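Biologist: Please take a close look at the cavities for me. Tell me what lines them, and then follow the chain outward from there.

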Amino acid sequence: MTKRHLIRRAAAWLLSMGLAAGVLTGCGGEGNSGTASGSASDEKITLTNVSYDPTREFYEAYNKLFTKYYKEKTGQEIEIIQSHGGSGSQARSVIEGNDADVVTLALAHDITSVEQAGMIEPGWINEFSGNSSPYTSTIVFLVRSGNEKGIRDWNDLIKEGVEVITPDPKSSGGACWNFLAAWNYAKKSFNGNQEQMKDFVAKLYHNVTVMDSGARGATTTFVENGQGDVLIAWENEALLAMKEFPGQYELVTPSVSILAEPSVAIVDENVEKNGTQQAAKDYLEYLYTEEAQRVIGKYYYRPSNKKILNEFKDTFDLSVELCTIQDFGGWDQAYADFFADDAIFDEIYTK
């Protein structure tokens, strides 16, 4: 590794530490912290993936798979640097200088914010199949073994004495999906009556005792710190907690939820500067291969490949009724309606 490369890695790492709460890890080469992107002319290419909280374990496994594939394909070594945090915070960190080659965030709107900063070319959502979502998830409840409070559906979360854990939609993409899933339930329950819907969701957030900045922080609060009766969670995050703490937790699938589509994109401004355009494209394209799709399923995300998804039919409840972001007019409209300053979330939370 050249002196210039080391200087760039150190400078980028210091910048990231100052601008983002993301956790940084390396895979595929020496060193296990920092954020950097190397030129394709370097002996080793370094690629930075800025992602959101619950993808840590998956990308650790995927990066090992990809570095092996890339070496076999090109004969060149590649190191992948991971950065994780709340999805909204991660997007802001890229805008403010985190030298991401690719972003793999919780929702399309967070990538759109990087696009609006001039760093990603318009049309990115069509660059890869499935709206550039190589995997999906949904929103479920995680409760403690025995489910003492009898939590079965969204209406149980507004009962007196039920303590709810969910992250903050202002910083967490997963929290935005949580909110919209609850709103969808309220819409069905109250036949679209806006005031009743707002009242229902306000009661739910009145029961929220801890609102962390990211989905992983919320899981830590619930699982490791023992707070709350129920965690509103990504399905993959809930299943991972159950695997890590067998017999201690139960997954509850509500009657209706939402199809959560985490998105991926190349950060065009950075890859042009770093000379990593092709490596970044290869990295995201490889997510769609059957080998990678099976790793996706193993780490409890729903593969976009329907054939591979069916191989995990015993893992996922594929019968749950799911709305989509299109039911809210797409992410630009949904964000303006619910999560922008003084929008519905602020109105509800103020109450």
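Modeller: What follows starts with the cavities, moves to the helices around them, and ends with a pocket and a few loop residues.

First, the ground rules. This is a predicted model, where local features need pLDDT of at least 70, side-chain atom pairs count only at pLDDT 80 or more, and totals for chains, interfaces and linings use all residues. Residues are numbered from 1 along each chain as its sequence is written, and side-chain values use heavy atoms, with hydrogens and water left out.

Now the overall frame. The chain has 15 helices and 14 strands. Helices (H or I, at least four residues) and strands (E, at least two) are DSSP runs, numbered from the N terminus. Of the 351 residues, 56% are buried. Buried means under 20% relative accessible area, exposed over 50%, and partly exposed in between, with a 1.4 Å probe and protein chains only. Among contacts with a separation of 6 or more, 74% join residues 24 or more positions apart. Contact means heavy atoms within 4.5 Å.

On to the empty space. Rolling a probe the size of a water molecule over the atoms shows where such space is left. The structure holds three cavities of 30 Å³ or more. On a 1 Å grid over the protein atoms alone, a cavity is a set of points where a 1.4 Å probe fits but cannot get out; a pocket is an open set with protein on both sides within 12 Å along at least five of seven lines; lining residues have an atom within 4 Å of a point. Grid points are joined across faces, edges and corners, and a volume is the space filled by probe spheres set on the points.

The largest cavity has a volume of about 60 Å³. Its lining includes Pro167, Asn178, Thr219, Trp234 and Glu237. Three elements give two or more residues each: α6 (173-189), α8 (215-224) and β9 (230-234). β9 gives the largest share, four residues. By class, the lining has eight nonpolar, three polar and one charged residues. Here Ala, Val, Leu, Ile, Met, Phe, Trp, Tyr, Cys and Pro count as nonpolar, Asp, Glu, Lys and Arg as charged, and the others, Gly among them, as polar.

α6 deserves a closer view. It is mostly covered, with 14 of its 17 residues buried. The expected span of a helix is 1.5 Å times one less than its number of residues. For α6 that gives 24 Å, and the end C-alpha atoms are 25 Å apart, which agrees. Serine 172 caps the N-terminal end, with a side-chain oxygen 3.3 Å from the backbone nitrogen of glycine 174. Glycine 174 also lines the largest cavity. After α6 comes asparagine 191, with a positive phi near 50 degrees.

The second largest cavity holds about 40 Å³ of space. Pro54, Glu57, Phe58, Asn236, Leu240, Tyr299 and Tyr301 line it. α2 (56-74) and α9 (235-244) each give two or more residues. The lining has five nonpolar, one polar and one charged residues.

Tyr299 and Tyr301 are in that lining, and tyrosine 300 lies in the loop between α12 and β13. Tyrosine 300 is buried, at 15% relative accessible area. Its phi is near 75 degrees, positive in a residue other than glycine. Most residues other than glycine have a negative phi. Helix α12 spans residues 290-298, and its buried residues are Ala292, Gln293, Val295, Ile296 and Gly297. These pack against α2, β5 (135-136), β13 (302-303) and α13 (306-311).

Now for open space. The largest pocket has a volume of about 250 Å³. It is lined by 18 residues, and Ala108, Ile125, Ile325, Gln326 and Trp331 are the closest to its centre. α4 (108-116) and α14 (331-339) each give two or more residues. The largest share, four residues, comes from α4. This lining has six nonpolar, nine polar and three charged residues.

Beyond α14, aspartate 342 sits in the loop leading to α15 (344-350). Its phi is positive too, near 70 degrees. Aspartate 342 counts as exposed, at 72% relative accessibility, whereas tyrosine 300 is buried.

Notes. Polar contact = N/O pair within 3.5 Å; in protein donor to acceptor, adjacent residues only side chain to side chain.
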